[in-house]
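This report introduces a structure to a reader who has not met it before. Please look at the sequence and the model below before reading on.

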Amino acid sequence: MNRKPLIIVGAGGHGRETALAFLEDHPARDFPGFLDDHATGPTPEGWPVIGRVDAWPRQRDARFIVAVNGTRARRSLVEAMRRHGEPAWATLVHPDVSIHESCRIGSGSMILGGSRLTVSIALGEHVIVNRGVQVGHDTRIGSFCSLNPGAIVAGRVTIGDGVEVGSGASIRQGVTVGDGATIGMGAVVVKDVAANATVVGNPARTLREETPW
C-alpha cells in the first residue's frame, strides 16, 4: 500500500464522497485535506481545506487526485496544476470494487464502491467511475470521463475523452461514443454517439451539440 498522503483537489460534494471512500480503507493521518479555490475552513464533515489549488507544490510529498465530476472542469484543474510541474497523481480503487487484473487504470483515476469491471478494460487518466457502475469486457474509456452512479456499459464499448455518462444510463455492446459527448441520466444508448453531442431518452436521441472538446 502506498502510504504517501492523499490530497483531494475539490471540496465539493464529489470531493467529500471521495474522501469518505479513501478513509474507509486508510487512517485519517493519510488524508491532510483538500485544495480548493472556492472553499475555506472545514467541510461539514470536519475535513480541512488546506489551501488553494496552485499551492500544491508545497505538498510535493503527497499524492493528488482531482475529485471534480465535471469533465471539462477537471481537465482545466489538471492543466492548471501542471503549469507548476507534474504532481504525483494517485489512483483510487475502493475496496468494495470487483476488477480483474487484466484491466488497466490510468493515473489520477478513481473507481468508487460497488462498481464492477470485468476483463480487459482500459481506463485513461483522470477518469471517475462512480458508485455502482458496471463495465463489460474489452471496453475502452478515454481520459477525463465521468461515469455516474449506476451507469451500465456493455462489452466492447469505446468511449472517447471527456465523456459524461449520466446516472443510470445504459450503453449497448459495441457502441462508440465520441469525445466530449454527454449521455443523459437514464438514457439508453443503442447506436454510436457523435463527438460533443448530448443524448437523452430511450432510445437515446440527440438533444443538442456541446462546445468541441
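## Strands, cysteines and one loop residue

In this predicted model, 6 strands make up an open sheet with parallel pairing, and their order is E6-E9-E12-E15-E18-E21. At its edges are strand E6 (98-99) and strand E21 (188-189), each of which pairs on one side only. Within the sheet, strand E9 (residues 116-117) runs parallel to strand E12 (residues 134-135), and the two are joined by 2 bridges. Glutamine 134 in E12 is the bridge partner of arginine 116.

The cysteines can be taken next. A search of the whole structure finds 0 disulfides. Cysteine 103 forms no such bond because its sulfur lies 16 Å from the closest cysteine sulfur, that of cysteine 145, whereas a disulfide requires sulfur atoms within 2.5 Å. Cysteine 145, in turn, is in no disulfide, and the nearest cysteine sulfur to its own is that of cysteine 103, 16 Å away. The table gives the accessibility of these residues.

| Residue | Relative accessibility | Class |
|---|---|---|
| Cysteine 103 | 12% relative accessibility | buried |
| Cysteine 145 | 0% relative accessibility | buried |

A further residue to locate is aspartate 61, which lies in the loop between strand E3 (49-51) and strand E4 (63-66). When its neighbours within four places in sequence are left aside, aspartate 61 is in contact with Lys4 and Pro5. Between aspartate 61 and serine 170, which are 109 residues apart along the chain, the separation of the C-alpha atoms is 40 Å.

Key:
Residues are numbered from 1 along each chain as its sequence is written. This is a predicted model: local features need pLDDT of at least 70, side-chain atom pairs count only at pLDDT 80 or more; totals for chains, interfaces and linings use all residues. Side-chain values use heavy atoms; hydrogens and water are left out. Helices (H or I, at least four residues) and strands (E, at least two) are DSSP runs, numbered from the N terminus. Contact means heavy atoms within 4.5 Å. Two strands pair if DSSP finds at least two bridges between them. Buried means under 20% relative accessible area, exposed over 50%, partly exposed in between (1.4 Å probe, protein chains only).
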